[in-house]
Amino acid sequence: MATGTAKWIFPSFFPSLYGPSFHWFPHSLPLCPFFFPHHRFPFSNPSLSLSLSLFLSTGSRDSGSDLRSPPRAAAPLREASFPTQNPDPTTMIAIPYLTALTTYFSYGLLFAFGQFRDFFRKFFDWCSSNNLQGYAPICLGLEDFYIRRLYLRIQDCFGRPIASAPDAWFDVVERYSNDNNKTLKRTEKKSRCLNLGSYNYLGFAAADEYCTPRVVDSLKQYSPSTCSTRVDGGTTALHLELEECVAKFVGKPAAIVFGMGYVTNSAILPVLMGKGCLIISDSLNHNSIVNGARGSGAIIRVFQHNVPSHLEEVLREQIADGQPRTHRPWKKIMVIVEGIYSMEGELCKLPEIIAICKKYKAYTYLDEAHSIGAVGKSGRGVCELLGVDTADVDIMMGTFTKSFGSCGGYISGSKDLIQYLKYTCPAHLYATSISPPAAQQIISSIRVLLGEDGSNRGAQKLAQIRENSNFFRSELQKMGFEVLGDNDSPVMPIMLYNPAKIPAFSRECLKQNVAVVTVAFPATPLLLARARICISAAHSREDLIKALQVISKVGDLVGIKYFPAEPTKQQQGNKAMKYD
């Protein structure tokens, strides 16, 4: 069946929730999909799914469809050919028929039983004494229901404490529960596990022969914290050196650093944008961008994930219409995108987006949290990888928590912009400055990348993570897994879909000493639960082969190989001998 020619039936009882972009069953297909398991559901906006009406009114990365909360659309899933980038920007996400139905059925069953149990809970609470003393319950609503009836069932798969540095291998503290997972208690036992979940892209999070001694020296000299804001007594020589180092590394005239990556987005956007301004955001942008855009007071519009043609359409329409009601011209327009999308592993189509922004005189805001240090010949991010001049990007944002083994974030741009932020940004004026040892860690790791430590270890790390990422992605695809993302990206989500497969995959991998991160609703749309693999330069080829063996075995057990696996060389040889 051709996706683009199918006819669709829209559920009339949800028109205001889904909007015209949601499509339901194609009535050109038989109504019973169990005899057609290879047909797939096309969705143009799967985030506006039944989940929002059933479980939560708000999500962690996405939000509703009004002007102040951009909806989240899912990245196009790869078909059997696994192209490097989606050649057709209009291609809609494809979900196996049977998988979609069983996923909805599973969540519906959990919801129904949860409501049934809550009914009796209210009855027994009414019969027993009320300890609230006239106060309303502080935890109330669908969020509370989701946590109690769904999340707590599998909370052992999240928030696992570790007892070592997040290197290629780390120690995971074992936990147990005596009350059906409502509470978890730590034990003294530890499991040595292969780390496939941390953002330790270049391996700097562990002890490093160049970085660690200098961090220790800075700790002795400056102490762990400045105990002050940057405008009071919280600026040290390390902070000034770090800002110069970051500006030079990313190729901008100036930079400003903050103690938290999330706050970098959520505090900067309200300073730069305000009433009468327009923010055009990619539909898969991080929650920090969403909250920052909301707090700015600007009008928010979204464009389809990584589709430049739709961005141009939105820009043209908004410029023509102007501000709501008054139709005055916008004070300023800003387009916000990410270098690598953390839940999809996809690279931004930056050259096309830059060209459109130049055409319509819109500012470009690039979030390089997952790309700076991880991609590009010298680790300078997607601009270097895709051949974009950094002068064409008005505002560059990034974090130090991924590739640099530290904490905090930065904004880089023109000197006038950075000076303005130092006068107006609350994260600079009121928050404690970044820890001096953390600042020294960033400076030292950048020097390693640039070869200023007197070795070529930086170039080796960059080559290693690129080789590891492409090897691991290729092998997963050959095994039949549905893997999102592009080549060179160290983030590779493996689609799980069904809620029962989320804890099953996580627990079975942990049993075999492989620690993975699973992500589900509300961080992703209801149907699109996944395991997110993060590859590091610290991983050896033996580590990756072990991980692939475990994931393949668990994938067969759980049933998440949605594509036919490629035959091995031995199987191909046996087949050729058979024909002979």
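This is a short group-meeting talk on the fold and packing of one protein model.

Okay, so before anything else: what we're looking at is a predicted model. The protein has 580 residues, and 54% of them count as buried. On the secondary structure side, there are 18 helices and 15 strands. And if you take contacts between residues at least 6 apart in sequence, 72% of those join residues at least 24 apart.

Let's go to the inside. The largest nonpolar core has 62 residues. Which of them touch the most other members? That would be Val246, Ile280, Leu311, Leu315, Val335, Val337 and Leu350. Take Ile280 as an example. Leaving out residues up to four places away in sequence, Ile280 touches Arg301, Phe303, Leu311, Val314 and Leu315, plus the run of Ile333, Met334, Val335 and Ile336. There's another core lying apart from that one, with 48 residues, including Ala529, Ala531, Leu544 and Ile551.

Now, helix α8, residues 287–296. This helix is mostly covered, with seven of its ten residues buried. Those are Asn287, Ser288, Ile289, Val290, Gly292, Ala293 and Ser296. And what sits over them? The cover includes helix α7 and four strands: β6 at 278–282, β7 at 299–303, β8 at 333–338 and β9 at 363–367. Right after α8 comes Gly297, and its phi is positive, near 85 degrees.

Since α7 just came up, let's stay with it. Helix α7 is residues 261–272, and it packs on α12, residues 415–424, at an angle of about 100 degrees, the axes being 11 Å apart. Angles of 65 to 115 degrees count as roughly perpendicular, so that's what we call α7 relative to α12. From the α7 side you have Ile268, Val271 and Leu272, and they meet Leu417, Tyr420, Leu421 and Thr424 of α12. By class, that contact has six nonpolar residues, one polar and no charged ones.

Last stop, a sheet. Here we have an open one with three strands, in the order β3-β4-β13, and the pairing is mixed. The edges are β3, 169–176, and β13, 514–515, each of which pairs on one side only. How do β4 and β13 pair, parallel or antiparallel? In the parallel sense, over two bridges, with β4 covering residues 185–195. If you want to find the spot on screen, look for Asn195, whose bridge partner in β13 is Ala515.

That's my tour, thanks.

Definitions and conventions: Residues numbered from 1 in each chain as written. Predicted model: local features only at pLDDT ≥ 70, side-chain atom pairs only at ≥ 80, totals over all residues. Heavy atoms only, no water. Pairing = 2+ DSSP bridges. Axes fitted to C-alpha atoms, helices over the stretch in contact; angles between N-to-C directions. Parallel < 35°, antiparallel > 145°, perpendicular 65-115°, else oblique. Contact = heavy atoms within 4.5 Å. Nonpolar A, V, L, I, M, F, W, Y, C, P; charged D, E, K, R; others polar. Core = buried A, V, L, I, M, F, W, Y, C linked by side-chain atoms within 4.5 Å. Buried < 20%, exposed > 50% of the residue type's maximum accessible area, 1.4 Å probe, protein only.
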